Amino acid sequence: MKYNGFPIWICALFSLFALSQEKKAGPILENYGAVFTVENPDYKTNVNEEFKVVFDVATGPESHEEINKRIETAARFLNMHAQNGVPASQLKAALIIHGSATTNIMNNEAHQKRFGVPNPNAEMLQNLMDNGVEIILCGQSSNSRNVPKETLIPGEKIALSAMTALIQLQNDGYRLIKL
């Protein structure tokens, strides 16, 4: 028997492989940051090290109804390492937000007023902050995109600039990942 020109047993094998490759969220953020399990990697993760990372997020999705996958990278970072034995206390992350991602960190009320929909990132951002992730908005983007501090989710910070925050965090030992 064949399906689209392939023997059924090959289709079943590919289906089984696809099912075994499911992503899983948690244990830090249960609703965000799903990652694949990597069985027995050759390059081992040193679970005794501190992992300090700063994500440079300058781009947002085209739709105001979509979560920003670049912001979700911080959730993937936390979950992936926690799933693989790195204690949460050894995971330090910061998001530097600027450019078209600026409006992605607005509170629900301000986002609703500007775009007609609640901020799809709001819950994820709160979860990230609740788990120690610093969310820092570029002050230059705040002004140029008309996103003042009172439109932010409580706990988010404004820096002089993205450049300033990136330099300071890297001086503090954070490693830059540009998204």
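Here a visitor and a guide talk through a predicted protein model.

Visitor: What makes up this protein, in helices and strands?

Guide: Welcome! The protein has six helices and seven strands. Following the sequence, you meet them in the pattern β-β-α-β-α-β-α-α-β-α-β-α-β.

Visitor: Why is Leu 128 called buried?

Guide: Let's set its value against the cut-off. Buried means under 20% relative accessible area. Leu 128 has 0% relative accessibility, so Leu 128 counts as buried. You can find Leu 128 in helix H4. Across the protein, buried residues make up 40% of the 179 residues.

Visitor: What makes a group of residues a nonpolar core?

Guide: Such a core is a set of buried residues of certain kinds, Leu and Ile among them, joined through side-chain atoms within 4.5 Å. The largest nonpolar core here has 33 residues, and Ile 71, Leu 95, Ile 97 and Leu 128 are those with the most contacts inside it. Two or more residues each come from strand E3 (51-57), helix H2 (69-83), strand E4 (91-97), helix H4 (122-130) and strand E5 (134-138). Helix H2 gives the largest share of this core, six residues. Another core, of eleven residues, lies apart from it, and includes Cys 138, Ala 162, Ala 165 and Leu 169.

Visitor: Which residues does Leu 128 touch?

Guide: Here a contact means heavy atoms within 4.5 Å. Not counting residues up to four places away in sequence, Leu 128 touches Leu 29, Ile 71, Ala 74, Ala 75, Leu 78, Leu 95 and Val 133. Take Ala 75 as one of them: Leu 128 and Ala 75 are 53 residues apart in sequence, and their C-alpha atoms are 6.9 Å apart in space. With the sequence neighbours up to four places away again left out, Ile 71 touches Val 57, Leu 95, Ile 97, Asn 104, Ile 105, Met 124, Leu 125 and Leu 128.

Visitor: How many of the protein's contacts join residues 24 or more positions apart?

Guide: Among contacts with a separation of 6 or more, such pairs account for 70%.

Visitor: Why is Asn 40 called exposed?

Guide: Try the cut-off yourself: exposed means over 50% relative accessible area. Asn 40 has 61% relative accessibility, so Asn 40 counts as exposed. The same reasoning works for Asn 146, which is exposed because its relative accessible area is 53%.

Visitor: What is notable about the phi angles of these residues?

Guide: Most residues other than glycine have a negative phi. Phi of Asn 40, however, is near 50 degrees, a positive value, and phi of Asn 146 is near 55 degrees, also positive. Asn 40 sits in the loop between H1 and E3, while Asn 146 is in the loop between helix H5 (139-144) and strand E6 (157-159).

Visitor: Which peptide bond is cis?

Guide: Most peptide bonds are trans. The bond from Gly 26 to Pro 27 is cis, with omega near 10 degrees. Pro 27 has its place in the loop between helix H1 (8-20) and E3.

Visitor: How do you know which classes of residue line the largest pocket?

Guide: We sort its lining, which is Phe 36, Thr 37, Val 38, Pro 41, Thr 45, Phe 51, Met 80, His 81, Gln 83 and Asn 84. Phe, Val, Pro and Met count as nonpolar, and Asp, Glu, Lys and Arg as charged. The tally is five nonpolar, five polar and no charged residues. H2 gives the largest share of this lining, three residues, and the pocket's volume is about 240 Å³.

Notes:
Residues numbered from 1 in each chain as written. Predicted model: local features only at pLDDT ≥ 70, side-chain atom pairs only at ≥ 80, totals over all residues. Heavy atoms only, no water. Buried < 20%, exposed > 50% of the residue type's maximum accessible area, 1.4 Å probe, protein only. Helix = DSSP H or I, 4+ residues; strand = E, 2+ residues; numbered from the N terminus. 1 Å grid on protein atoms, 1.4 Å probe; cavity = no way out; pocket = protein on both sides within 12 Å on 5 of 7 lines; lining within 4 Å. Points joined across faces, edges and corners; volume = space filled by probe spheres on them.
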